[in-house]
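Here are my notes on the model you sent. They take the strands before the helices.

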Amino acid sequence: MPQPPNTPTQPTDHSDHAHTGHRHDHGPAQVPPQGHSHGHSHGHGPAAPVSKHLRKVIAAVLIPFAAAVFVGLVVLWPGGAPAHERSGVGFDRQTQQGRVVALEQVDCKSVNASQVPPTSNPTAPEGREARAAQTGECKKATIEVATGSDKGRTFFEIVQPGAPRQLESGQEVVVAYAPDAPRDLQYSVVDVNRKLPLAVLAGIFAVAVVVVGRMRGLFALIALVVSFGVLTLFILPAILQGSNPLVVAVVGASAIMLIALYMCHGLSARTSVAVLGTLVSLLLIGLLGTVFVDWAFLSGNTDDNTGLIHGLYPDIDMSGLLLAGVIIGSLGVLDDVTVTQTSAVWELHQADSTMGPRALYRAAIRIGRDHIASVVNTLVLAYAGAALPLLLLFSIANSSMGSVANSELVAEEIVRTLVGSIGLVASVPVTTALAALVVSADRPGSPAAAEASGPVRGGRGRRRKR
């Protein structure tokens with residue numbers, strides 16, 4: 001631990017450097033490297049104190065914002081998803097757990113699995129599958145229901161040779177239940193049970209985060225759980241209840257931002273500046289998204305899942321749901337950018353506290369430009385990877401780039417990517433400017449400066465570097 005500034009045994013160079021940037025007769029460039037390392041790693045820590053005036057200014061902005069978010073949560077709180085009668089389509093089915101207890105090879109014709117090719121062209125996909133079913137061997141799986149009121153009941157499932165999902169003996173599966181169907185057809189296999197590998201992977205992820213991040217990693221995991229809680233307990237049910245998806249997304253994303261940032265990075269001025277930068281960027285994303293979703297006539301109803309949602313809940317604004325997805329999807333990357341830029345400004349100020357707001361901004365924005373290039377590329381590739389099967393279909397059809405971009409499926413992803421990227425790009429100068437102004441405005445009246453003023457005047461005289 002360093003000695004107090006007025007302790008006679010403390011080297012003058014150490015004290016001088018620990019509080020540079022005030023009117024002293026020495027400059028930081030003449031401080032020995034040893035003094036630099038010790039003064040910053042122990043004397044200040046990663047978050048230097050700010051003046052009482054600045055804390056009041058930041059609180060005057062953030063406290064009303066946090067209060068508005070809290071009021072929004074209370075007013076829009078749904079109290080659970082609305083009940084509805086299951087349609088039996090897609091994900092809207094009753095499901096139970098099951099297990100493959102037996103598996104045998106049978107001739108496809110003997111179990112009536114063969115079919116007449118729907119096309120006379122045997123090279124077509126439908127023709128190939130049908131002919132394979134006529135000439136190949138099928139699998140007859142015996143499935144036992146493992147949960148629910150029919151636990152222990154068995155049924156048969158025929159797996160054709162060309163089916164994308166093949167079953168194995170002892171495999172855990174998910175079965176759908178149709179109560180209105182004939183008894184022999186009430187149960188069918190709809191998916192494989194992947195809970196165990198997913199749980200193991202999640203455990204490895206959690207251990208890696210805690211081992212590397214330690215307490216920060218633990219708080220990050222807690223914040224992740226809270227974020228999913230806000231998503232599943234507030235955002236999704238509130239949208240299903242009929243609330244405006246855009247308003248719900250803004251309130252929910254703001255709540256996630258406040259909880260996650262302060263929990264992971266502490267209650268400090270540095271974190272508060274990152275929150276303000278994120279908030280400004282989210283508002284910009286919401287504004288741009290609203291304009292271009294309307295201008296491009298994007299309905300948000302482009303596939304079977306969104307069609308099912310619209311069919312079950314016709315009052316949901318699907319274009320608003322698209323906007324909500326843009327905001328929530330951009331939030332995670334925004335947090336990373338704003339926190340990084342704020343930290344860069346703070347560390348630059350720690351390294352040379354004589355830098356004014358303009359110099360701090362210029363130095364930190366150079367870091368931000370590198371961050372922009374990598375983050376935007378990451379976001380675009382993430383969306384492209386998610387839409388890769390769709391892009392392959394367009395490639396197979398030999399569609400032009402203009403035709404591909406004009407289709408609503410791809411146009412949605414283009415708008416989502418570009419609006420989110422514009423918000424990310426804007427967050428860098430906005431957050432950097434806010435951080436530079438805050439940390440520079442704090443310099444004259446900070447507690448650190450008051451402590452440093454006494455012993456520094458008694459130190460060895462040096463020419464100030466200008």
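1. Two strands are taken to pair if DSSP finds at least two bridges between them. The model is a predicted one, and the pairings below are read from it. Strand 1 (residues 94–107) and strand 4 (residues 172–177) run antiparallel and are joined by 6 bridges. Across this pairing, Thr95 of the one strand faces Ala176 in strand 4, and Arg99 stands opposite Glu172.

2. Strand 1 also pairs with strand 2 (residues 137–145), again in the antiparallel sense, over 9 bridges. Here Gln105 has Lys139 in strand 2 as its bridge partner.

3. These pairings belong to an open sheet of 5 strands, with antiparallel pairing and the order 3-2-1-4-5. Strand 3 (154–159) and strand 5 (187–192) are the edge strands, each pairing on one side only. From one strand to the next, the twist averages 45°. As general background, strands of a sheet pair through backbone hydrogen bonds, either parallel or antiparallel.

4. Which residues have the most contacts inside the largest nonpolar core? They are Phe65, Phe234, Met257 and Val275, in a core of 61 residues. At least two residues of this core come from each of helix 3 (52–76), helix 5 (195–240), helix 6 (245–265), helix 7 (269–295), helix 9 (318–351), helix 10 (357–386) and helix 13 (408–441). Helix 9 gives the largest share, 11 residues.

5. Phe65 can be checked in more detail. With neighbours within four places in sequence left aside, Phe65 is in contact with Ser254, Met257, Leu258, Val275 and Leu279. Two of the residues named in the previous point, Met257 and Val275, thus appear in this contact list.

6. There is a second, separate core of 11 residues, which includes Val100, Ala141, Val145 and Tyr187. In soluble globular proteins, nonpolar side chains tend to be buried together.

7. How do helix 6 and helix 9 pack, and at what angle? Their axes are 9 Å apart and the angle is about 20°. Angles under 35 degrees count as roughly parallel, so helix 6 and helix 9 are roughly parallel to each other. The crossing of helix 6 past helix 9 is right-handed.

8. The helix 6 side of this contact includes Pro245, Leu246, Ala249, Met257 and His265. Among the residues they meet on the helix 9 side are Gly320, Leu321, Ala324, Ile328, Asp335 and Val339. Met257 is also among the residues with the most contacts inside the largest nonpolar core.

Conventions. Residues are numbered from 1 along each chain as its sequence is written. This is a predicted model: local features need pLDDT of at least 70, side-chain atom pairs count only at pLDDT 80 or more; totals for chains, interfaces and linings use all residues. Side-chain values use heavy atoms; hydrogens and water are left out. Helices (H or I, at least four residues) and strands (E, at least two) are DSSP runs, numbered from the N terminus. Axes are lines fitted to C-alpha atoms, for helices over the stretch in contact, and angles run from 0 to 180 degrees between N-to-C directions. A nonpolar core is a set of buried Ala, Val, Leu, Ile, Met, Phe, Trp, Tyr and Cys residues joined through side-chain atoms within 4.5 Å. Buried means under 20% relative accessible area, exposed over 50%, partly exposed in between (1.4 Å probe, protein chains only). Contact means heavy atoms within 4.5 Å. Angles under 35 degrees count as roughly parallel, over 145 as roughly antiparallel, 65 to 115 as roughly perpendicular and the rest as oblique. A crossing is left-handed if the near helix is turned anticlockwise from the far one by less than a right angle, and right-handed if clockwise.
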